[in-house]
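Grab a pencil and get the viewer ready. Below are some short exercises, each with a solution worked out step by step.

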Amino acid sequence: MALTPRAAQQLRRLRARHGELMFHQSGGCCDGSSPMCFAAGDFLTSEADEHLGDVVVPAEGQSEGFCVPVWMSKEQYARWAHTHLTIDLVPGRGAGFSLEAPDGVRFLVRSRLVGAAVPAASCEVPPAAP
């Protein structure tokens, strides 16, 4: 699991406003299939959810780095278990419940099969379309 620099920057801003954070991706329709960012504890996970691990948000300037736990519904995870996930940030409004929505941006998961050959030139996530 990875994080693009622009997603990390947004997470630093959100943490400054809301404290500790978490992601959850339900796999539902519409915005439910996007990773949604919440203040830690504002979204209650259950046995129907899988903790995928934590994304590490690197330090920038005077702030320290921190981790954000990432959860996904087990049903969704069954489909994505063999993929490498990268959380990115793109322009546009996403889920109204996700903390980044008022900033006019939304988190997005990019995936590729684990073990899939990735040409060196494509290791960097391309910039978002205007």
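## Exercise 1: Empty spaces inside

Keep in mind that this model is predicted. Counting cavities of 30 Å³ or more gives two.

**Task.** What is the volume of the largest cavity, and which residues line it?

**Solution.**
- Step 1: Start with the idea. Rolling a probe the size of a water molecule over the atoms shows where empty space is left.
- Step 2: Read off the volume. The largest cavity comes to about 60 Å³.
- Step 3: Look at its walls. The lining is made of Met1, Phe23, His24, Gln25, Pro35, Leu52, Val70, Trp71, Met72, Leu85, Ile87 and Val109.
- Step 4: Sort the lining by class. You get 10 nonpolar residues, two polar ones and no charged ones.
- Step 5: Ask where they sit. Strands β2 (21-25), β5 (66-73) and β6 (83-91) each give the lining at least two residues.

## Exercise 2: The fold from end to end

**Task.** How many helices and strands does the chain have, and in what pattern do they follow each other?

**Solution.**
- Step 1: Count the elements. There are two helices and seven strands.
- Step 2: Walk along the sequence. The pattern reads β-α-β-β-β-β-α-β-β.
- Step 3: Check how far apart the partners are. Among contacts with a separation of 6 or more, 57% join residues 24 or more positions apart.

## Exercise 3: Testing a helix with a ruler

**Task.** What span should helix α1 have, and what is the distance between its end C-alpha atoms?

**Solution.**
- Step 1: Helix α1 covers residues 5-18, which is 14 residues.
- Step 2: The expected span is 1.5 Å times one less than the number of residues, so α1 should span 20 Å.
- Step 3: The end C-alpha atoms of α1 are 20 Å apart, which agrees.
- Step 4: Now look at which way the side chains go. Ala7, Ala8, Gln10, Leu11, Arg12 and Leu14 of α1 are buried, whereas Ala16, also in α1, is exposed, with a relative accessible area of 71%.
- Step 5: Step off the end of the helix. Gly19, in the loop between α1 and β2, has a positive phi of about 85°.
- Step 6: Classify Gly19. Its relative accessibility is 27%, so Gly19 is partly exposed.

## Exercise 4: The nonpolar core

**Task.** How many residues does the largest nonpolar core have, and which of them have the most contacts inside it?

**Solution.**
- Step 1: Recall the general trend. In soluble globular proteins, nonpolar side chains tend to be buried together.
- Step 2: Count the core. It holds 21 residues, and those with the most contacts inside it are Leu3, Leu11, Phe23, Cys37, Val68, Ile87 and Phe107.
- Step 3: Find the suppliers. At least two core residues come from each of α1, β2, β4 (49-57), β5, β6 and β7 (105-113).
- Step 4: Zoom in on Phe23. Beyond its neighbours within four places in sequence, Phe23 is in contact with Leu11, Pro35, Met36, Cys37, Val68, Pro69, Val70, Trp71, Ile87 and Phe107.

## Exercise 5: One serine

**Task.** Is Ser73 buried or exposed?

**Solution.**
- Step 1: Find Ser73 in strand β5.
- Step 2: Buried means under 20% relative accessible area. Ser73 has 11%, so Ser73 is buried.
- Step 3: See what surrounds Ser73. Leaving out neighbours within four places in sequence, its contacts are His24, Gln25, Ser26, Gly27, Ala48 and Asp49.

Notes. Residues numbered from 1 in each chain as written. Predicted model: local features only at pLDDT ≥ 70, side-chain atom pairs only at ≥ 80, totals over all residues. Heavy atoms only, no water. Helix = DSSP H or I, 4+ residues; strand = E, 2+ residues; numbered from the N terminus. Buried < 20%, exposed > 50% of the residue type's maximum accessible area, 1.4 Å probe, protein only. 1 Å grid on protein atoms, 1.4 Å probe; cavity = no way out; pocket = protein on both sides within 12 Å on 5 of 7 lines; lining within 4 Å. Points joined across faces, edges and corners; volume = space filled by probe spheres on them. Nonpolar A, V, L, I, M, F, W, Y, C, P; charged D, E, K, R; others polar. Core = buried A, V, L, I, M, F, W, Y, C linked by side-chain atoms within 4.5 Å. Contact = heavy atoms within 4.5 Å.
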